[in-house]
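The following exercises are to be worked through with the sequence and the structure in view. Each task is followed by a solution in steps.

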Number of protein chains: 2
Amino acid sequence: MQHAATVQRTNRAEIAAPMARASIVLGRGLELPATRLNFARNEEVFGEAESAEYVYQVISGALRMTRFLADGRRQVAAFGLPGDIVGLEVGDFYRYSAEAIVDTTLAVIKRSALERSVEHDAAAMRQVWVLTSGQLEDVQNQMLLLGRKTAMERVVAFLLEMSRRNKGAHIIDLPMSRTDIADYLGLTIETISRTLTQLQRSDAISLPSSRHVVLRNKAALANMDS
Amino acid sequence: MQHAATVQRTNRAEIAAPMARASIVLGRGLELPATRLNFARNEEVFGEAESAEYVYQVISGALRMTRFLADGRRQVAAFGLPGDIVGLEVGDFYRYSAEAIVDTTLAVIKRSALERSVEHDAAAMRQVWVLTSGQLEDVQNQMLLLGRKTAMERVVAFLLEMSRRNKGAHIIDLPMSRTDIADYLGLTIETISRTLTQLQRSDAISLPSSRHVVLRNKAALANMDS
DNA sequence: CGTTGCATTGAAATCCCTCAAGCGAGGTGG
DNA sequence: CCACCTCGCTTGAGGGATTTCAATGCAACG
């Protein structure tokens with residue numbers, strides 16, 4: 001069981017640096033003023049059990065949300081892609097850590113400011129609920145994958161998900177490493193690699209490079225994902 | 001891969017039957033009038049992709065929330081125990097089916113009535129969000145279990161969860177079958193059975209009967225659950 | 001007291017993991 | 001500009017945890 005790569009700590013001073021204007025879009029007609037913030041590849045946005053002071057939205061780049069077991073085994077709970085809201089907690093602490101997979105730009109807002117904006121506005125509060133409910137749905141799908149799907153089904157489901165999240169594109173540009181994918185799918189990097197090779201040999205995909213996947217036969221792929 | 005047992009369909013007429021008064025408690029000071037409804041063992045409360053017309057709270061008994069793959073593989077997303085809210089959806093359809101594990105009493109409210117009660121009340125809407133967020137946390141924990149824990153760790157985590165949900169009792173009365181547990185933990189009934197036997201041989205638990213577990217050494221168990 | 005529905009146990013098989021080696025692209029320094 | 005290093009990825013061989021298949025056990029119930 002490989003352990004996770006070390007991750008740089010966030011430079012907290014950045015948050016106090018000259019502010020670049022941005023906004024967080026929680027839903028239709030619900031936009032809040034925010035600050036634009038950049039994170040380098042592998043930089044930590046926040047850590048598990050840290051005080052949940054900020055809420056983020058991905059503007060560009062990609063995040064991974066991870067949880068760990070004591071011995072270093074890691075589960076990637078979700079990937080944060082442009083538009084995704086990250087770190088919206090009910091309690092006072094984050095329940096997972098978030099790290100930039102590539103250089104990433106986020107919109108940041110203080111949680112207290114967000115709470116103030118919605119606490120007397122039922123429609124806005126409903127948007128917050130809708131967001132969390134959508135995350136719940138995603139995670140429930142992932143549970144079915146982790147509990148009952150084969151390695152091949154998991155990898156295919158992952159490729160189709162990445163395609164769908166990129167407007168259904170047939171050419172996928174993966175920001176994350178094999179390790180990230182493995183920890184997302186509950187597999188090892190070797191199994192990910194072998195499965196992709198197998199899909200390539202069956203002409204379902206091609207792999208011009210390790211981070212680029214071409215879905216050559218989406219129908220066949222969809223068939224493989226129970 | 002064993003397939004799920006057949007399940008009786010709900011007798012929908014029941015909902016129109018003479019109403020027994022009950023209430024649904026969404027949170028501190030947020031209680032809504034509801035109808036009390038009984039379900040027999042293995043009776044379906046609602047089905048996946050059915051129109052999400054009602055929201056339920058378990059009064060007594062137990063539910064299982066399940067999702068299926070096309071070939072019958074099943075994942076139990078959660079167990080519904082007394083107090084749990086079930087079927088609270090944003091969209092128009094349930095995302096999983098719910099069945100009574102044993103004879104169960106539920107409080108039922110029309111979703112439209114619940115929506116009306118909270119749509120202009122930000123504090124009430126927040127309670128709804130808090131509920132969903134709590135479910136998200138549970139499911140995220142389960143993801144880590146399904147993705148990265150061994151069979152022994154899963155079974156131990158399950159026993160400790162059942163204990164915790166029953167006020168930390170050392171004697172657990174399991175309403176669900178080995179099949180339900182297996183589909184919750186992403187294992188097979190045989191592995192559940194063998195693992196419990198192994199725990200019994202190591203004196204961590206005892207099994208007076210298959211549905212009763214005595215946690216004889218909670219500290220040892222906690223140690224086994226990374 | 002036979003039937004029925006779980007649960008347990010055993011033996012064999014399998015899917016995925018572990019361990020190990022090799023490859024290739026990108027960066028760095030001589 | 002090339003040799004070299006590093007890091008991530010791929011591939012192979014072997015092993016192991018869990019599943020599958022099969023038989024037996026056991027308690028509840030008519």
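Domain bounds come from an automatic or database domain assignment. The model is predicted: local features need pLDDT of at least 70, side-chain atom pairs count only at pLDDT 80 or more, and totals for chains, interfaces and linings use all residues. Residues are numbered from 1 along each chain as its sequence is written, while chains are lettered from A and ligands numbered from 1 in the order in which they are written.

**Exercise 1.** Describe how domain 1 and domain 2 of chain A are placed and joined.

Step 1. Chain A is divided into domain 1, residues 13-146, and domain 2, residues 149-224. Their centres, taken over C-alpha atoms, are separated by 25 Å.

Step 2. In contact (C-beta atoms, placed from the backbone, within 7 Å) are 11 residues of domain 1 of chain A and 10 residues of domain 2 of chain A.

Step 3. On the side of domain 1 of chain A that touches domain 2 of chain A, the elements giving two or more residues are β6 (74-80) and α3 (122-148) of chain A. Helices (H or I, at least four residues) and strands (E, at least two) are DSSP runs, numbered from the N terminus. The largest share of this side, 4 residues, comes from β6(A).

**Exercise 2.** Determine which residues and elements surround DNA strand D.

Step 1. Near DNA strand D (C-beta atom, placed from the backbone, within 6 Å) are 19 residues, and the closest are Arg178(A), Ser193(A), Thr197(A), Ala151(B) and Thr191(B).

Step 2. Two or more residues each come from α5 (178-185) and α6 (189-201) of chain A and from α6 (189-201) of chain B. The largest share, 6 residues, belongs to α6(A).

Note on methods
Two residues are in contact if their C-beta atoms, placed from the backbone, lie within 7 Å.
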